[in-house]
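Trainee: Please choose one side chain in this structure and look closely at its surroundings, then work outwards to the rest of the fold. I would like each term pinned down as you go.

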Amino acid sequence: MSACKDDDSRIHAIKSKIRVVPNFPKPGIMFQDITTLLLDPKAFKDTIDLFIERFKGKNISVVAGIEARGFIFGPPIALAIGAKFVPLRKPRKLPGEVISEKYVLEYGTDCLEMHVGAVEPDERALVVDDLIATGGTLCAAMNLLERAGAEVVECACVIELPDLKGRDRLNGKPLYILVESH
Ligand code: AMP
């Protein structure tokens, strides 16, 4: 019981540190700004700790972080659970041979790339990003990992925008989130 209360108070504090910026980067978007969470060492550490508590001991060997904000949360989780970190990057950023997946964003279209050879077949992978909106980004990330033969165990985001029903696009893949924003 006390662990649950502790989780609740940590999550409440994390939520309070996320700044919502209306009409950024374009009209109608309520931008969830996690840079204000990073300014608070306790809330930032609690965020990482909650993910570590969830994923340690799950035999995960790959943490794949989505550019750019998955690069903030992914590496400390990877180090703590003894997994490698694999960056999933925007086009033309990775210097080696890549595989690519196009996807649709809440505001525009984009593409993710992963280095060939970064992941071995049958590795167990966790996908990390800051936020799920429509779910297109996480779908593209999962496709990249599955094309490389990895098993995606779960996806993890700090924030979910449940009204956009992105979770429904994950083909039943478990999604762990810390806070919802409506
Ligand atoms: P989606 O593919 O629609 O799930 O969009 C998720 C990706 O877009 C994540 O990498 C987020 O960083 C970014 N994103 C989408 N909507 C927002 C938002 N309202 N606030 C902050 N980031 C967002």
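Mentor: Setting aside neighbours within four places in sequence, F55 is in contact (heavy atoms within 4.5 Å) with I60, I81, L126, E154, A156 and Y176. This is a predicted model, in which local features need pLDDT of at least 70 and side-chain atom pairs count only at pLDDT 80 or more, while totals for chains, interfaces and linings use all residues. Residues are numbered from 1 along each chain as its sequence is written, and side-chain values use heavy atoms, with hydrogens and water left out.

Ring pairs link F55 with F51 and Y176 into a cluster. Rings of Phe, Tyr and Trp (its six-membered ring) pair if their centres lie within 6.5 Å, and planes under 30 degrees apart count as stacked, over 60 as edge-to-face and the rest as tilted. On that basis, a search of the whole structure finds five aromatic pairs. In one of them, F24 with F31, the ring centres lie 5.1 Å apart and the planes stand at 85°, so the pair is edge-to-face. F24 counts as partly exposed because its relative accessibility is 42%, whereas F31, at 13%, counts as buried; here buried means under 20% relative accessible area, exposed over 50% and partly exposed in between, with a 1.4 Å probe and protein chains only.

Within the cluster, F51 and Y176 also form an edge-to-face pair, with 6.0 Å from centre to centre and 75° between the planes. Because F51 lies in helix α3 and Y176 in strand β9, this pair ties together parts that are 125 residues apart in sequence; helices (H or I, at least four residues) and strands (E, at least two) are DSSP runs, numbered from the N terminus. F51 is buried because its relative accessibility is 0%, and Y176 is buried as well, with a relative accessible area of 17%.

F55 and F51 also lead into the largest nonpolar core, a nonpolar core being a set of buried Ala, Val, Leu, Ile, Met, Phe, Trp, Tyr and Cys residues joined through side-chain atoms within 4.5 Å. This core has 29 residues, of which I14, F51, F55, I81, L126, V158 and I159 touch the most other members. At least two residues of the core come from each of α3 (41-55), α4 (70-81), β7 (124-132), β8 (151-160) and β9 (175-180), and α3 gives the most, with six residues. Another core, of 28 residues, lies apart from this one and includes M114, C139, A141 and L175. In soluble globular proteins, nonpolar side chains tend to be buried together.

Turning to helix α5 (residues 136-147), T137 is found there and counts as buried because its relative accessibility is 14%. Not counting residues up to four places away in sequence, T137 touches I66, Y103, L105, L112 and D129. A148 is found in the loop between α5 and β8, where, with the same sequence neighbours left out, A148 touches M114, V119, E120 and P121. The C-alpha atoms of A148 and D6, which are 142 residues apart along the chain, are separated by 38 Å.

The backbone of several loops also merits inspection. In the loop between β1 (19-22) and β2 (30-33) sits P25, joined to F24 by a cis peptide bond with omega about 0°. N23 has its place in the loop between β1 and β2 too, and the phi of N23 is near 65°, a positive value in a residue other than glycine. A cis peptide bond, again with omega about 0°, joins E67 and A68, and A68 is found in the loop between β3 (62-66) and α4. D122, in the loop between β6 (108-115) and β7, likewise has a positive phi for a residue other than glycine, near 75°, and D122 counts as exposed because its relative accessibility is 66%.
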